[in-house]
Amino acid sequence: MKPVQEHGPIDIRPATVADLDDIVNLEKKSFGDQAWRREILRRYLQSGEDNPTRVPIFVAFAKAANGETGFAGYTIGCRGGKDNGMVLDLVVSPEFKGQHLGRALLEQVSESLKDAGASRLTLEVESTNKPAIRLYESVGFVKDRLLPDCYGEKRDAYWMIKPAAKGPRPGP
Ligand SMILES: CC(C)(COP(=O)(O)OP(=O)(O)OC[C@H]1O[C@@H](n2cnc3c(N)ncnc32)[C@H](O)[C@@H]1OP(=O)(O)O)[C@@H](O)C(=O)NCCC(=O)NCCS
């Protein structure tokens with residue numbers, strides 16, 4: 001795995017169980033009754049640290065407007081079958097939005113998934129979530145298909161894919 005990025009005042013690192021409360025609170029605030037449950041997040045954090053295909057949850061810390069450094073967001077990825085990697089979750093705390101932290105977290109989990117053997121990345125996103133869709137498109141994800149009623153009645157999702165990057169052309 002490449003070293004965890006540091007983006008000036010933004011610090012991104014693999015999460016530990018000590019980060020669980022921050023993750024659970026922000027998850028609930030962002031997704032309400034669709035939020036991942038604490039127990040599932042705890043198990044994810046504790047599971048398979050010796051498994052080479054596992055990728056960590058990444059957490060981000062940044063300086064807030066008051067100058068204090070705080071918990072700013074997180075992202076969760078996992079390896080799927082074959083060469084597939086899934087971005088399962090990505091959240092930036094409201095006070096830190098619009099500072100390219102979401103993109104930095106997305107790049108970090110994508111890099112980590114690639115290091116774990118995933119060349120093709122996938123995710124699902126609610127079809128009305130324009131900020132997230134624009135973010136995903138800005139790093140190369142494309143809408144693959146609509147998943148009707150994915151989050152409940154009339155709450156559709158897009159399945160998005162970032163195809164494997166083409167390698168350099170072979171030399172002469
Ligand atoms: C989606 C989310 C992670 C974006 O985080 P962020 O740190 O504010 O996003 P960034 O600052 O990195 O923005 C990167 C790009 O995303 C797009 N974007 C982000 N917020 C946007 C908005 N409100 N409107 C339109 N485009 C937006 C832009 O293309 C932006 O690039 P630009 O600033 O160069 O134009 C954040 O809004 C969030 O946590 N939302 C709630 C949780 C959620 O919906 N997660 C996605 C689940 S699939």
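A residue counts as buried if 20 or more other C-beta atoms lie within 10 Å of its own, and as exposed if 12 or fewer do. By this criterion, none of the six residues of strand β7 (residues 142–147) is buried, so the strand lies largely in the open. The model examined here is predicted. Strand β7 is joined to strand β8 (residues 157–162) by five bridges. The two strands run antiparallel. Across this pairing, R145 stands opposite W159 in β8.

The overall fold was examined next. Four helices and eight strands make up the secondary structure of the protein. Their order from the N terminus is β-β-α-α-β-β-β-α-β-α-β-β. The radius of gyration is 16 Å, close to the 16 Å that the globule rule gives for 172 residues, so the protein is as compact as a globular protein of that length. The C-alpha trace spans about 55 × 40 × 30 Å along its principal axes. Of the 172 residues, 28% are buried. Among contacts with a separation of 6 or more, 57% are between residues 24 or more positions apart.

Nonpolar side chains tend to be buried together in soluble globular proteins. In the present model, the largest nonpolar core holds 35 residues. Those that touch the most other members are I57, F58, A60, Y74, L101, L105 and V109. Helix α3 supplies the largest share of this core, with six residues. The contacts of I57 reach to several other parts of the sequence. Beyond its neighbours within four places in sequence, I57 is in contact with A15, I23, Y44, L45, Y74 and I76.

Strand β6 (residues 120–126) shows an alternating pattern of side chains. L121, L123 and V125 point to one face and are buried. R120, T122, E124 and E126 point to the other face and are not buried. Strand β6 also pairs with β5. Three bridges join these two strands, which run parallel. In this pairing, L121 of β6 is the bridge partner of G85. L121 is thus both a buried residue of β6 and a bridge partner of G85.

The ligand is surrounded by 19 residues. The closest are K97, G102, R103, P131 and L135. Three elements give two or more residues to this shell: β5 (84–92), α3 (101–115) and α4 (130–138). Helix α4 provides the largest share, six residues. By residue class, the shell divides into eight nonpolar, seven polar and four charged residues. Helix α3 thus contributes both to the shell around the ligand and to the largest nonpolar core.

Backbone geometry was considered last. Most residues other than glycine have a negative phi. K82 is not a glycine, yet has a positive phi of about 50°. K82 is placed in the loop between β4 (69–79) and β5. With 9 other C-beta atoms within 10 Å, K82 is exposed. H100 also has a positive phi, near 65°, and is a residue other than glycine. The loop between β5 and α3 holds H100. H100 has 13 other C-beta atoms within 10 Å, so it is partly exposed.

Definitions and conventions:
Residues are numbered from 1 along each chain as its sequence is written. This is a predicted model: local features need pLDDT of at least 70, side-chain atom pairs count only at pLDDT 80 or more; totals for chains, interfaces and linings use all residues. A residue is near a molecule or strand if its C-beta atom, placed from the backbone, lies within 6 Å of it. Ala, Val, Leu, Ile, Met, Phe, Trp, Tyr, Cys and Pro count as nonpolar, Asp, Glu, Lys and Arg as charged, and the others, Gly among them, as polar. Two strands pair if DSSP finds at least two bridges between them. A nonpolar core is a set of buried Ala, Val, Leu, Ile, Met, Phe, Trp, Tyr and Cys residues joined through C-beta atoms within 7 Å. Two residues are in contact if their C-beta atoms, placed from the backbone, lie within 7 Å. The radius of gyration is taken over C-alpha atoms; the globule rule is 2.2 Å times the number of residues to the power 0.38.
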